[in-house]
Amino acid sequence: DGVIAINAPFLERILAVTGPVEMTDYGVTVTAENVIVETQRQVELIYDREENRPKQFIADLAAQLLPRLTAPAAGQQPALLAAVTNGVLAREIQLYSAHPNVQALVSELGASGELKPTGSGDYLAVIATNISGEKTDGVITQHIRHQAEIADDGSVIDTVTLTRTHHGVEGNLFDGVNNNSYLRFYVPEGSQLLEAEGFALPKGGVEEAAAPDLQEDVTLASVEGAHDVDLASGVETWREVNKTVFAHWLVVPPGEERTVRLRYRLPTMVNQDQSVWRLYVQAQSGRRGDTVQSDVEFPVDWQVRDRFGVTQASQDFGAMFSGNLDRDVFYGLTFASTLP
């Protein structure tokens with residue numbers, strides 16, 4: 001009938017309400033503060049090799065935790081409801097139903113996890129996929145700087161600068177290795193890449209041609225279509241679910257910081273007369289501690305009628321937004337040739 005996906009950090013929200021869980025068979029007490037690390041230890045390091053059931057710890061923890069959710073202690077129900085609501089908003093809980101009427105409700109509640117349709121507006125989603133980087137995602141913070149330049153003719157060029165910082169210590173258990181991430185930047189469909197810099201393959205990584213006996217996956221091809229590669233930067237480009245995607249690798253060693261930059265032209269124009277510029281930044285499920293800043297620059301003789309969602313305004317830029325990307329961000333401007 002469907003799928004329910006719950007990120008591991010959601011357990012921290014739940015345990016903060018229900019209180020600790022005694023796991024006597026394992027000799028540990030699970031709390032909101034240690035549930036992630038303790039679960040990793042049990043699953044990856046100290047499980048019984050003869051029984052070879054590394055995930056049994058999770059099943060045993062669930063068996064003790066679920067009754068506290070279905071029959072919460074007095075006074076805990078409002079806090080649990082708040083935890084679930086915040087979990088949905090932070091995309092720690094995502095749902096899919098095979099029944100269209102149910103899925104429509106899931107989407108309306110913001111729990112579907114789908115890439116948001118934004119029409120002619122600007123859009124950005126940065127998706128990082130960690131490959132062979134162990135548990136380093138938990139110690140990676142990233143800052144997204146988005147800059148939109150509106151020219152006199154209404155054309156728009158965006159520059160996105162992504163800075164990723166690795167807070168792990170080399171040699172630490174689980175997070176003391178390189179973070180190797182395949183980065184995908186989802187932008188408005190039809191955007192044209194102008195330049196890119198800062199990307200690099202993991203050490204020893206080689207892009208190889210497909211083996212001759214492999215065949216194209218029909219489903220994947222129908223979703224992504226053909227891939228193009230920018231020869232100067234190595235950035236891949238394709239179209240997916242009404243978005244253009246720019247993608248490449250980035251490696252960040254423990255204790256270090258790396259920055260990549262993309263510059264691209266949007267497919268739509270912005271007119272001064274009764275026009276709207278808006279940006280929707282969609283947060284990645286599972287990411288924590290990310291920040292975003294967006295600036296908009298437009299011709300000096302343009303008039304701004306309204307600003308919505310703007311956190312700052314200045315003479316040099318039409319609008320500025322800055323904040324945490326723990327959930328989706330939306331802001332914009334409306335222009336008019338003359339003010340009322």
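Accessible areas here come from the Shrake-Rupley method with a 1.4 Å probe. By that yardstick, the protein chain of this predicted model has an accessible surface of about 18400 Å², and carbon and sulfur atoms hold 52% of that area. The chain has 340 residues, of which 42% count as buried. Its C-alpha trace spans about 70 × 55 × 45 Å along the principal axes.

The secondary structure comprises 6 helices and 18 strands. Among contacts in the chain with a separation of 6 or more, 73% are made by residues 24 or more positions apart. As for charge, the chain carries 25 positive and 47 negative charges, and the mean positions of the two sets are 3 Å apart.

Turning to the interior, the largest nonpolar core contains 38 residues. Ile-150, Phe-185, Trp-277 and Phe-335 have the most contacts inside this core. Strand β18, which runs through residues 329-336, gives the most to the core, contributing 4 residues. Another core, of 18 residues, lies apart from it and includes Phe-10, Val-28, Leu-80 and Ala-111.

Phe-10 also leads into a helix worth a look in the viewer. Helix α1 covers residues 10-18, and Phe-10, Ile-14, Leu-15 and Thr-18 are buried in it. These four residues sit on the same side of α1 because they cover an arc of only 125 degrees around the axis. The background here is familiar: an α-helix has 3.6 residues a turn, so residues three or four places apart point the same way. After α1 comes Gly-19, which has a positive phi, near 90 degrees.

Positive phi values also turn up at residues that are not glycine. Most residues other than glycine have a negative phi, which makes the next two worth finding in the structure. Ser-132 is not a glycine, yet its phi is positive, at about 60 degrees. Glu-134, likewise not a glycine, has a positive phi of about 50 degrees. Where do Ser-132 and Glu-134 lie? Ser-132 is found in the loop between β5 (122-130) and β6 (140-150), and Glu-134 has its place in the loop between β5 and β6 as well.

Are these two residues buried or exposed? A residue counts as exposed when its relative accessible area is over 50%. Ser-132 has a relative accessibility of 67% and therefore counts as exposed. Glu-134 has a relative accessible area of 51%, so it is exposed too.

Note on methods
Residues are numbered from 1 along each chain as its sequence is written. This is a predicted model: local features need pLDDT of at least 70, side-chain atom pairs count only at pLDDT 80 or more; totals for chains, interfaces and linings use all residues. Side-chain values use heavy atoms; hydrogens and water are left out. Buried means under 20% relative accessible area, exposed over 50%, partly exposed in between (1.4 Å probe, protein chains only). Helices (H or I, at least four residues) and strands (E, at least two) are DSSP runs, numbered from the N terminus. The arc is that of the directions from the helix axis to the C-beta atoms. A nonpolar core is a set of buried Ala, Val, Leu, Ile, Met, Phe, Trp, Tyr and Cys residues joined through side-chain atoms within 4.5 Å. Contact means heavy atoms within 4.5 Å. Lys and Arg count as positive and Asp and Glu as negative; His and the chain ends are not counted. The place of a charge is taken as NZ of Lys, CZ of Arg, CG of Asp or CD of Glu.
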